[in-house]
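Visitor: I'd like to see how the labels on this one get decided. Could you walk me through it?

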Amino acid sequence: MAGGNTPLPAARLDPEAVFVEGPIAPHALTACYRRFAANSAVGAELVFLGQVRADRIDAGTVAGIEYTAHRSMALQAFNTVIERVAGQTELIDVEVRHSLGYVPVGGASLLIAVATGHRDQAYRASRAILEAIKQEVPIYGREITTGQQSSWKINR
Amino acid sequence: MTTSRNSVHPVVVRYFGPLLDVTGTAEETLELALPARVNDIERQIQRSRPGLELHRYRIAVDEAFRDGGDSIEQAREIALLPAFSGG
């Protein structure tokens, strides 16, 4: 979708594509690039990837995170977030992917790709979407340690 | 508060995040008295699943967040959603 700060339509995200089983594969990035490149109004693209860290927690060292979600509420929340951010920034296009299931350390579990006319809006939109996802989308991460202990992730 | 108008209905109750450690199941069907306020529905669920009362969570009825005082006439699904931790 092209055209300044026109809010993106509701239900913008493809429900079949948003949730990825396991880590997000690198080809998701090139798919975003190809789609955004086809839009002549786009002057800035920004991709944020959230990656699973080998954090030290009380239960041990994190080996991976098992993600679960209320899928239909999460999809609805993603679209609400995008619609709101589109109304606040000059978002031209956006893609979001989130992992479900197990993602080992080093794997990407979240992708936010935004396309805008200029860089300032891209950074602003990406950050706004990221922070809103953490607060508003019903997804849960259970950290699994190398010793097969587990602990529910807490967003900070 | 439940009233004499109440009748018992099967409702799918879903648990998320740390609540799974309390219930040991992600989903179950409970017989809940409706209509009722959300607070009353919550107490009915807690009676069935002791330990939930120690946790903080929001309640969604048929995928819409509701406040404790809201009156619910009927429901297909009730979800108990603690703080999110995606991303």
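Guide: Sure, here is how the labels follow from the cut-offs. The model is predicted, so local features need pLDDT of at least 70 and side-chain atom pairs count only at pLDDT 80 or more, while totals for chains, interfaces and linings use all residues. Residues are numbered from 1 along each chain as its sequence is written, chains are lettered from A and ligands numbered from 1 in the order in which they are written, and side-chain values use heavy atoms, leaving out hydrogens and water.

Visitor: What makes B:Asp21 and A:Arg142 a salt bridge?

Guide: The rule asks for a side-chain nitrogen of Lys or Arg within 4 Å of a carboxyl oxygen of Asp or Glu. Here the N to O distance is 3.1 Å, so the pair passes. It runs between chains, from helix 1 of chain B (residues 19-23) to strand 7 of chain A (residues 139-145); helices (H or I, at least four residues) and strands (E, at least two) are DSSP runs, numbered from the N terminus.

Visitor: Why are B:Arg14 and B:Glu27 said to tie together parts of chain B?

Guide: Their side chains form a salt bridge at 3.9 Å, N to O. B:Arg14 sits in strand 1 (residues 7-15) and B:Glu27 in strand 2 (residues 27-34), so the link joins parts that are 13 residues apart in sequence.

Visitor: How do you know whether B:Asp40 and B:Arg43 are buried or exposed?

Guide: Buried means under 20% relative accessible area, exposed over 50%, and partly exposed in between (1.4 Å probe, protein chains only). B:Asp40 has 11%, so it is buried, whereas B:Arg43 has 44% and is therefore partly exposed. The two side chains also meet in a salt bridge of 2.9 Å, N to O. Both belong to helix 2 of chain B (residues 38-48), three residues apart, about one turn of the helix.

Visitor: What makes chain A and chain B touch, and how much area do they bury?

Guide: Contact means heavy atoms within 4.5 Å, and 21 residues from chain A and 18 residues from chain B take part. Buried area is the accessible area (1.4 Å probe) that two parts lose on being put together, summed over both. For chain A and chain B that comes to about 1,600 Å², with 55% of it on carbon and sulfur atoms. The rule finds one salt bridge across this interface. On the side of chain A that touches chain B, strand 7 of chain A gives the largest share, four residues.
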